[in-house]
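Hello,

Here is the structure we talked about. Please open it alongside this note and follow along.

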Protein chains: 4
Amino acid sequence: MSEHPPIDPGFEARTRASFARQQVMDTLGARMTHVTAGECEIELPFRTALTQQHGFLHAGVVATLLDSACGYAAFTLMPADAGVLTIEFKINLLAPARGDTLLARGTVKRAGRNVIVGNADGYMLSGGERRLVATMIGTLMCIQGRADVTG
Amino acid sequence: MSEHPPIDPGFEARTRASFARQQVMDTLGARMTHVTAGECEIELPFRTALTQQHGFLHAGVVATLLDSACGYAAFTLMPADAGVLTIEFKINLLAPARGDTLLARGTVKRAGRNVIVGNADGYMLSGGERRLVATMIGTLMCIQGRADVTG
Amino acid sequence: MSEHPPIDPGFEARTRASFARQQVMDTLGARMTHVTAGECEIELPFRTALTQQHGFLHAGVVATLLDSACGYAAFTLMPADAGVLTIEFKINLLAPARGDTLLARGTVKRAGRNVIVGNADGYMLSGGERRLVATMIGTLMCIQGRADVTG
Amino acid sequence: MSEHPPIDPGFEARTRASFARQQVMDTLGARMTHVTAGECEIELPFRTALTQQHGFLHAGVVATLLDSACGYAAFTLMPADAGVLTIEFKINLLAPARGDTLLARGTVKRAGRNVIVGNADGYMLSGGERRLVATMIGTLMCIQGRADVTG
């Protein structure tokens with residue numbers, strides 16, 4: 001917490017409200033399960049409707065969850081009137097994404113005023129076990145003063 | 001074509017059949033519109049159900065399409081009994097993904113025996129215009145002899 | 001050219017002058033061989049002093065050349081008083097960097113006002129042949145108004 | 001340590017011997033300061049001969065150090081007769097690399113039999129302080145049975 005002090009004391013409600021506007025999360029069946037300053041977790045129950053040809057969650061679905069976890073970890077540290085956009089990310093798929101629930105944990109690596117760099121790890125949770133399946137570095141931009149990118 | 005001669009003459013039917021098993025593509029509403037040796041195109045009509053908080057297609061949805069376009073471009077060049085897995089990819093989001101249809105075009109940059117590197121570009125098509133919205137480099141692995149990764 | 005019109009008509013001299021201040025290029029033995037709006041080429045004669053453990057140019061040396069080629073391709077399109085910084089890059093090593101001369105060719109993929117995305121390809125030239133050995137996507141930032149980052 | 005048990009008990013001597021063959025490290029003035037199973041540290045005293053146009057260490061020089069730190073962290077876990085090659089890496093530059101010494105710390109994120117994914121962080125050490133200046137994800141390949149890639 002002390003490493004990344006939030007500018008906006010209302011960051012949690014603001015972050016959850018923005019996430020609620022990501023219609024794709026509802027479509028996938030994902031929910032935000034944890035938010036604190038510079039950190040965010042999102043969970044997605046496994047569904048065959050989201051799989052690739054071998055029955056694993058598609059790499060892009062894993063990336064969707066990790067990108068939002070990175071982005072909202074960054075968003076917690078932004079001013080109240082800012083929007084967040086992903087400039088780029090890179091993801092390594094480390095193991096097949098097969099199991100009960102995909103957990104994406106995003107953290108802020110370095111927060112600049114305009115550019116924030118985050119990490120996210122993806123875990124498959126299955127029967128009490130947790131397996132690392134993906135890891136991401138992402139670069140996020142803090143956008144202010146643009147009418148189509150707020151909140 | 002001559003640059004990347006396919007090993008398997010039946011690559012097109014094989015590639016289309018594998019794509020048809022990607023249940024997530026059906027869930028998103030995407031279809032493969034073009035396949036040739038070392039190239040692949042996938043299209044996705046814009047849907048608000050796939051958007052992030054500002055009403056653009058989520059970066060992860062764009063990544064899903066580009067990853068499959070990269071992966072299947074690589075898959076066309078693989079032996080008939082191989083499976084393809086994404087080791088990693090990196091994507092830059094260049095402009096808001098807003099418009100009528102997202103077109104992902106994947107091409108092979110270099111085909112090794114086990115590791116294939118591909119590029120994909122994403123375009124939003126709207127009212128006869130085409131706008132570059134994303135670009136990817138991806139690393140794919142050709143998998144043989146693993147029961148859970150075939151086709 | 002028309003795709004990326006330069007803001008500063010003196011871009012070539014400005015770009016060559018900035019490159020001349022990169023002391024590492026002199027240390028490596030690299031020189032800028034071509035500059036036009038949105039494009040840049042840098043060449044480095046092979047030297048064993050720059051190799052990794054198997055006698056190829058080290059991946060980081062290849063990255064050094066491609067990063068500068070990307071960065072200066074972007075720099076050609078910037079205002080006369082701007083500086084360029086690399087936010088991030090990603091490189092794939094496609095073949096061993098062994099031969100006579102490494103040629104790095106950088107091009108601009110998309111030029112925004114603050115953020116520019118570039119590509120670079122690396123080729124080994126040997127006895128009249130050219131072999132693709134690396135490919136990069138990089139994200140550059142246009143810096144204005146910062147005393148320690150000019151030109 | 002228990003997370004990444006080394007296959008080869010002689011990994012430290014083998015890793016240091018391979019590093020000693022990287023002629024570029026001698027050219028830059030870098031030395032390996034720490035090796036353990038799945039971890040490696042390399043240090044480079046700041047030299048103006050390695051700077052870019054604003055007087056910071058060039059991004060490619062930082063990448064060179066972090067790539068070797070990643071690669072040798074992976075190499076510690078490989079069989080005694082294997083060679084290591086970098087497939088790709090991605091680096092974010094987080095702050096200007098200016099100071100007394102650049103410290104690169106590489107760790108293994110996931111070790112597969114053929115493909116190993118590592119992280120590296122880069123710190124500038126100056127007057128008793130340590131500042132994070134770069135972070136990398138890299139993908140390494142374990143090469144066996146290739147005459148030009150051993151040790």
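**Strands, helices and one contact**

Start in chain B: Y123(B) sits opposite L132(B), which belongs to β6(B). This is a predicted model. The strands around that pair are β5 (residues 115-126) and β6 (residues 129-143) of chain B, joined by 12 bridges in the antiparallel sense.

Next, the helix on that chain. Helix α1 (residues 11-20) of chain B packs on the sheet and touches β1 and β2 (39-45) of chain B. Its direction makes about 160 degrees with that of β1(B). In chain A, helix α1 (residues 11-20) lies across β1 and β2 (39-45) of chain A. That helix runs at about 160 degrees to β1(A).

Now the whole sheet. It is open, has 12 strands and pairs them antiparallel. The order is β1(A)-β2(A)-β4(A)-β5(A)-β6(A)-β3(A)-β3(B)-β6(B)-β5(B)-β4(B)-β2(B)-β1(B). Which strands stand at the edges? They are β1 (31-36) of chain A and β1 (31-36) of chain B. Each has a single partner strand, so one side of each lacks a neighbour in the sheet. From one strand to the next, the twist averages 20 degrees.

Last, chains A and D. Here 10 residues of chain A are in contact with 10 residues of chain D. On the chain A side, β3 (83-93), β4 (101-111) and β6 (129-143) each supply at least two residues. The most come from β6(A), with 4 residues. By class, that side of chain A has 4 nonpolar, 3 polar and 3 charged residues.

Best wishes

Notes: Residues numbered from 1 in each chain as written. Chains lettered and ligands numbered in written order. Predicted model: local features only at pLDDT ≥ 70, side-chain atom pairs only at ≥ 80, totals over all residues. Pairing = 2+ DSSP bridges. Axes fitted to C-alpha atoms, helices over the stretch in contact; angles between N-to-C directions. Contact = placed C-beta atoms within 7 Å. Nonpolar A, V, L, I, M, F, W, Y, C, P; charged D, E, K, R; others polar.
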